[in-house]
Amino acid sequence: MSAVVSMMSQSGLTRVEIDCPAPATQRFCAFLVAGRVFAVDAARVTEVLRGQLLTPVPQAHPALRGLLNLRGRIVPAIDMRLRLGFDAAPVDASHTNIIATVAGEYFSLMVDTIVDVIEIPVAAIEQPTADSEDPSRDSVAAVYAAPGGLIYVLDVDQLLAGISDTGFERNMR
């Protein structure tokens with residue numbers, strides 16, 4: 001990785017390219033869905049909320065559980081169990097909302113529970129081995145073999161692509 005720096009010298013403005021080491025680790029927000037550990041880039045997460053009231057959206061994508069009001073902003077809430085191809089959580093189960101940004105818009109990722117913000121060595125992050133059209137795998141961008149088991153790193157853009165393709169966002173404007 002390199003950066004270009006402009007410096008003023010006696011002969012005028014000089015541009016210098018400096019080699020910067022690549023980051024050794026990357027931060028992720030890790031969470032549980034159906035007993036499996038998933039993670040998203042922590043830079044995309046703005047906050048974590050528990051137990052938010054949802055307003056259902058008729059004829060919406062099945063994974064779109066509803067809308068929540070985030071200080072006056074209407075935020076679509078995506079049920080990660082359904083989006084990743086798992087069975088729905090029991091009706092009385094609590095959930096956590098991870099508020100993430102995609103193209104300047106806010107989305108809630110409804111997960112079973114938050115694990116932590118973790119740092120993963122960049123060199124240890126591996127590409128998934130199988131490509132699939134299966135919605136449970138289409139958004140897995142990488143895998144990390146942690147000491148306690150696998151962590152599936154999700155691509156937030158891809159995760160929401162199938163849901164926003166339904167025209168939901170266009171109909172809301």
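**Confidence.** I looked up the chain's pLDDT, the predictor's confidence in each residue from 0 to 100: the mean is 82, and 76% of the residues reach 70 or more. This is a predicted model, where local features need pLDDT of at least 70 and side-chain atom pairs count only at pLDDT 80 or more, while totals for chains, interfaces and linings use all residues. Residues are numbered from 1 along each chain as its sequence is written, and side-chain values use heavy atoms, with hydrogens and water left out.

Next I asked where the confidence is lowest and where it is highest. The low end is helix α3 (residues 168-172), with a mean of 44, and the high end is strand β4 (residues 36-41), at 96. I note that helices (H or I, at least four residues) and strands (E, at least two) are DSSP runs, numbered from the N terminus. Across residues 166-173 the pLDDT is below 50, and this stretch has nine contacts in the model beyond near neighbours in sequence. Contact here means heavy atoms within 4.5 Å.

**Strand β7.** I moved on to β7, residues 73-79. Five of its seven residues are buried, so I put the strand down as mostly covered. My cut-offs: buried is under 20% relative accessible area, exposed is over 50%, and partly exposed is in between (1.4 Å probe, protein chains only).

Which strands does β7 pair with? Strand β6 (residues 64-70) pairs with β7 in the antiparallel sense over six bridges, and strand β9 (residues 105-111) pairs with β7 in the parallel sense over three. Two strands pair if DSSP finds at least two bridges between them. Asparagine 69 sits opposite isoleucine 74 of β7. The hairpin of β6 and β7 has two residues between the strands, and arginine 71 takes a positive phi near 50 degrees there.

**Aspartate 79.** Is this residue buried or exposed? Aspartate 79 has a relative accessible area of 4%, so I count it as buried. What does its side chain reach? I found a polar contact of 2.8 Å to the side chain of arginine 65, and the backbone nitrogen of arginine 81 is reached at 2.9 Å. (A polar contact is a pair of N or O atoms within 3.5 Å; within protein, one must be able to donate a hydrogen and the other to accept it, and residues adjacent in sequence count only if both atoms are side-chain atoms.) Leaving aside neighbours within four places in sequence, aspartate 79 is in contact with Ala63, Arg65 and Met110. Methionine 110 is also the bridge partner of aspartate 79 in β9.

**Aromatic rings.** How many aromatic pairs does a search of the whole structure find? I get three. Rings of Phe, Tyr and Trp (its six-membered ring) pair if their centres lie within 6.5 Å; planes under 30 degrees apart count as stacked, over 60 as edge-to-face and the rest as tilted. Phenylalanine 31 and phenylalanine 38 are stacked, at 6.3 Å centre to centre with 20 degrees between the planes. Phenylalanine 31 is buried at 0% relative accessibility, and phenylalanine 38 is buried at 4%.

Why is the pair of phenylalanine 38 and tyrosine 152 tilted? Their planes are at 35 degrees, with the centres 5.5 Å apart, so the pair is tilted. This pair links distant parts of the chain, with phenylalanine 38 in β4 and tyrosine 152 in strand β13 (residues 149-154), 114 residues apart. Tyrosine 152 is partly exposed, at 23%. I also noted that ring pairs link Phe31, Phe38, Phe86 and Tyr152 into a cluster.
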